[in-house]
Amino acid sequence: MTKIQFPQDFTWGAATASYQIEGAYQEDGRGLSIWDTFSRIPGKVINGDNGDTACDSYHRYPEDIALMKELGIKAYRFSMAWPRIYPEGTGAVNPQGLEFYHSFVDTLLANGIEPVCTLYHWDLPQVLQDQGGWSNRSTIDAFAGYCETVFREFHGKIKQWYTINEPWCASFLSNYYGEHAPGNKDLQTGLDVAHHLMVAHGRAVRKFRELGFEGLIGYAPNVTWMEPYTTRQEDVDACRRQIGWFLEWFMDPVFKGQYPSFLVEWFKAAGAELHIAEGDMELISEPIDILGINYYNGSVARHNSEGGLMQIETLDVGYEHTDIGWPIYPQGFYNVLSRIHELYGDLPIYITENGACYNDEPIEGVVADQKRISYIHKHLIQLERCISSGIPVKGYYSWSLMDNFEWAYGYTMRFGLIHVDYNTLARTKKDSFYWYQNTIENNGVEI
Ligand code: BGC
């Protein structure tokens, strides 16, 4: 057996998000978020599940942090719930919300775990949605205000920040496909929201710089990889479009100060126009320190004029699928990171999410999730290839620390290293937990 070794200072971590784990949805002055509303609309979330209780991490975080410590992670990527801090989205700050995150962050620090904070992982205050949400530019101001409060409050404790998690999902999946909150189904709205989210990102970065606090800031787009089924130009172009919708669309503006014209034209042909106000591109392209990348799946695809907005059809060419139905394509992880490096250069990259859905249940206290281990193993090998090729990948956050509310899938899909019983809220370490613990201890894996 050969061992592949990660750099000495590599950051091993795990990730979660507020709405998916916290619960306590009405406690200590928290306002409602769009997910509280959306999950209550019949048919939007499987089984009518919601995040009212979720994993109850709001109360059980000492137990969760003890588990993180046992796991051996050096950093924990969590998100703050904006409606806990500003129940009305803007205006009066809720001291109890700040207090909660202080206790939480202090407990992480006391256990030697670095807190890494995502500022927006989709739980927009509902009051802001009532005024148009992200399609209304005033939400950008509200976000900047919330971020400033949080920066001032937590500087010195939190030194790594991600502004927006997966802007593609928060815009197109949520406002064009309507699968996530708030559930709009309109391309123009999707496009407006996508742009406003990126301006909001830029506003937060600029504010962070103005305040001059120590720390690193970036954002966390999700990417995918598509291998053209044939070398025919139309297949190659379809894959380029689909990859680019996630990648160039959300990264060119940050790194190059402009949107990729091939997609601007494509959206135009589909009837949606980009609305850019003066100063927007300067804001979006405020230099960042770190780039978070979320990667889960990739596949083979070809052109199909009936294949939706991007005119693409993915093909099942025999890759294995996780329990959520996503094809496993570890080579795509290497390919997409190589593409990012090629296009945007040497900015430090953190894999802010990668992981697999397998719904194994405990049998006599054991969760034998061999398939999750195999998935992570394969992706870590590709990651090490990246590092050995000179791509500056500095860390890896496993999604997720524990099973949690999987958005439109409710509690039916499990991504955790720790199993959560949603009746008793008992936590059970899965076999993957021990495997990952061992990986961290050895700072590498065997191949
Ligand atoms: C999101 C997570 C989600 C995971 C699995 C990402 O899209 O950031 O919140 O649970 O993937 O679907």
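At what angle do the axes of helix α3 and helix α5 cross? Keep that question in mind as you start the tour, and remember that you are looking at a predicted model.

**Stop 1: helices α3 and α5**

Select residues 57-71 for α3 and residues 95-110 for α5. Their axes cross at roughly 15° and come within 10 Å. Angles under 35 degrees count as roughly parallel, so α3 is described as roughly parallel to α5. The crossing of α3 past α5 is right-handed.

Now show the side chains where the two helices meet. On α3, pick Tyr-58, Tyr-61, Ile-65 and Met-68. On α5, pick Phe-100, Ser-103, Phe-104, Thr-107 and Leu-108. If you colour this contact by residue class, you will find 7 nonpolar residues, 2 polar ones and no charged ones.

**Stop 2: the loop leading into α3**

Step back along the chain to the loop between α2 (34-38) and α3, and select Asp-56. With a relative accessible area of 11%, Asp-56 is buried. Leaving aside residues up to four places away in sequence, Asp-56 touches Ile-21, Glu-22, Leu-425 and Arg-427.

Next, select Ala-54, which sits in the loop between α2 and α3 as well. Its backbone deserves a look: phi of Ala-54 is near 45°, a positive value in a residue other than glycine. As background, most residues other than glycine have a negative phi. Ala-54 is buried, at 5% relative accessible area.

Between these two stops in the numbering, click on Cys-55. Is Cys-55 buried or exposed? Its relative accessibility is 0%, so Cys-55 counts as buried.

**Stop 3: the cysteines**

How many disulfides does the structure hold? The number is 0. Cys-55 is in no disulfide, and the nearest cysteine sulfur, in Cys-357, lies 14 Å away. Try Cys-386 too: the closest cysteine sulfur to its own is in Cys-239, 19 Å away, which is too far for a bond. Cys-386 also counts as buried, because its relative accessibility is 0%.

**Stop 4: helix α10 and its two partners**

Select residues 233-246 for α10, then residues 248-256 for α11. The axes of α10 and α11 come within 4 Å and cross at roughly 55°. That angle makes α10 oblique to α11. To see the contact, show Arg-240, Ile-243, Gly-244, Trp-245 and Phe-246 on α10, together with Glu-248, Trp-249 and Phe-250 on α11. By class, this contact has 5 nonpolar, 1 polar and 2 charged residues.

Keep α10 on screen and add α12, residues 261-269. Here the axes are 10 Å apart and the packing angle is about 100°. α10 is therefore roughly perpendicular to α12. From α10, the contact takes in Arg-240, Arg-241, Gly-244 and Trp-245. From α12, the residues are Phe-262, Leu-263, Trp-266 and Phe-267. The contact of α10 with α12 divides into 5 nonpolar, 1 polar and 2 charged residues.

**Stop 5: Gly-355 and its neighbours**

Move on to the loop between β10 (349-354) and α15 (370-388), and select Gly-355. Gly-355 is buried, with 4% relative accessible area. Which residues does Gly-355 touch, not counting those up to four places away in sequence? They are Tyr-295, Tyr-296, Tyr-375, Trp-399 and Phe-415. You can also draw a line from Gly-355 to Cys-169: the C-alpha to C-alpha distance is 17 Å, while 186 residues separate the two in sequence.

**Stop 6: from β11 to β12**

Trp-399, one of the residues touching Gly-355, leads to the next feature. The peptide bond from Trp-399 to Ser-400 is cis, with omega near 10°. Ser-400 belongs to the loop between β11 (393-399) and β12 (418-420).

Follow that loop to Trp-407, which is placed between β11 and β12 as well. Trp-407 is not a glycine, although its phi is positive, at about 45°. Trp-407 is buried, with a relative accessible area of 4%.

**Last stop: another cis bond**

Finish with Ala-181 and Pro-182, which are joined by a cis peptide bond with omega near 10°. Pro-182 is in the loop between α8 (167-175) and α9 (187-211). For context, most peptide bonds are trans.

Methods:
Residues numbered from 1 in each chain as written. Predicted model: local features only at pLDDT ≥ 70, side-chain atom pairs only at ≥ 80, totals over all residues. Heavy atoms only, no water. Axes fitted to C-alpha atoms, helices over the stretch in contact; angles between N-to-C directions. Parallel < 35°, antiparallel > 145°, perpendicular 65-115°, else oblique. Left-handed = near helix turned anticlockwise from the far one by under 90°. Contact = heavy atoms within 4.5 Å. Nonpolar A, V, L, I, M, F, W, Y, C, P; charged D, E, K, R; others polar. Disulfide = S-S within 2.5 Å. Buried < 20%, exposed > 50% of the residue type's maximum accessible area, 1.4 Å probe, protein only.
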